[in-house]
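Take a walk through this structure, starting at its surface. Keep the 3D view open and find each residue as its name comes up.

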Amino acid sequence: MRTRLVYLLLAFAVNPLSNAHADAALDPNVAPKSEEEVSNVFRDMGVVQKRAMPKGERWLVSTYASFDFSDGPYSNYSFHVNPGYAVSDFVEIYLNFVPFHIVSPRSIVDKLQTQISPPVTVIEAKPKMQFGAEVLWAPLYGKDSMGISRIIRSDTFVKFGASMISFEGGDSGMSFNLGVWKTFFFSKNTGFRFCVDWGYMQQIINFGAAVPTKSFASMLLTEFGLTFYL
């Protein structure tokens, strides 16, 4: 019993000495720093929270092609030229101008006119030009990895547009769209924009009749093109 008690007393006496020796041998360069200091790793990660690119109070030109995926008798492809202005880093406004539409009949038109007896004639006015306005709101921004060595900045936006479409024959109709996607910035003056839209477009049926019928149809649109920051 006395031997165990002696061993315990020696253990308690030696332990503080060994701890003190370990602290003295510790390399001061690897000693923990103040909790208020931030590691360089986390400091670099904080760059994601910075603004993707300064855009406020700059003139813009957005050019893009649009393709529709509706179930109508015609495919509609259009090219947009939109001059605009960035009110802030998050809000952009544009004038929407489409100088021409490329319209081509889908396969269903040929089937209705050649494979059905009596044949069914599809008559729908084709769009010619388009004028309107668009508002873009980009609340989110960040960085995207392009491989292991390149980072490209981008923002995520929501876009709303309203336009007046001129059809062949002199008639006109309205078009509305709501889209969302991203702009990727190649430089301080150029960005690539891709957008998926839900469109609500007025169509003219029975084109050429005394009283043509106007009706709205929903469609899915995809848009992609370049945006220039002047």
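A nonpolar patch lies on the surface of this predicted model. Its members are F90, W137, Y141, V158, F160, L178, V180, W181, W198, Y200 and F216. Together they have about 1,000 Å² of accessible area. Which elements give two or more residues to the patch? They are β5, β6 (150–167), β7 and β8. Strand β7 supplies the largest share, with three residues.

Now look at the rings. A search of the whole structure finds 10 aromatic pairs. One of them joins F90 and Y141. Their ring centres are 6.1 Å apart. The planes meet at 35°, and the pair counts as tilted. Where do the two partners sit? F90 lies in the loop between β2 (74–86) and β3 (91–98), whereas Y141 belongs to strand β5 (residues 127–146). The partners are 51 residues apart in sequence, so the pair ties together distant parts of the chain's numbering. Is F90 buried or exposed? F90 is partly exposed, because its relative accessible area is 36%. Y141 has 31% relative accessibility, so Y141 counts as partly exposed too.

A second pair brings W181 and F194 together. Here the centres are 5.8 Å apart and the angle between the planes is 75°. That makes the pair edge-to-face, because angles over 60 degrees count that way. W181 lies in strand β7 (residues 172–185), and F194 lies in strand β8 (residues 190–205). The pair therefore ties together parts that are 13 residues apart in sequence. W181 has a relative accessible area of 40%, so W181 is partly exposed. F194 is partly exposed as well, with a value of 26%.

Rings can also gather in a group. F176, W198, Y200 and F216 form one aromatic cluster. Three of these names may look familiar: W198, Y200 and F216 also belong to the nonpolar patch. A ring can have a charged partner, too. The charged end of R193 sits over the ring of F157. The distance from that charged end to the ring centre is 5.2 Å.

R193 leads on to another residue, T227, which touches it. T227 lies in strand β9 (residues 213–229). Is T227 buried or exposed? Its relative accessibility is 0%, so T227 counts as buried. Which residues does T227 touch, leaving out those up to four places away in sequence? They are V61, S62, Y94, N189, T190, G191 and R193.

Next, find S187. This residue lies in the loop between β7 and β8. S187 is partly exposed, because its relative accessible area is 34%. Now locate M53, which is 134 residues away along the chain. The C-alpha atoms of S187 and M53 are separated by 9.0 Å.

Finally, step back to the whole chain. It has three helices and nine strands. Their order along the sequence is α-α-β-β-β-β-α-β-β-β-β-β. Of the 230 residues, 31% count as buried. How are the contacts spread along the sequence? Take those between residues at least 6 apart: 62% of them join residues at least 24 apart. The chain exposes about 14,800 Å². Carbon and sulfur atoms supply 65% of that area.

Notes
Residues numbered from 1 in each chain as written. Predicted model: local features only at pLDDT ≥ 70, side-chain atom pairs only at ≥ 80, totals over all residues. Heavy atoms only, no water. Phe/Tyr/Trp six-rings, centres within 6.5 Å; stacked < 30°, edge-to-face > 60°. Helix = DSSP H or I, 4+ residues; strand = E, 2+ residues; numbered from the N terminus. Buried < 20%, exposed > 50% of the residue type's maximum accessible area, 1.4 Å probe, protein only. Lys NZ or Arg CZ within 6 Å of the ring centre and 35° of its normal. Patch = residues over 30% accessible without salt bridge, like charges linked within 9 Å, V, L, I, M, F, W, Y side chains within 5 Å. Areas by Shrake-Rupley, 256 points an atom, 1.4 Å probe, with all protein chains shown as cover. Salt bridge = Lys/Arg side-chain N within 4 Å of Asp/Glu carboxyl O. Contact = heavy atoms within 4.5 Å.
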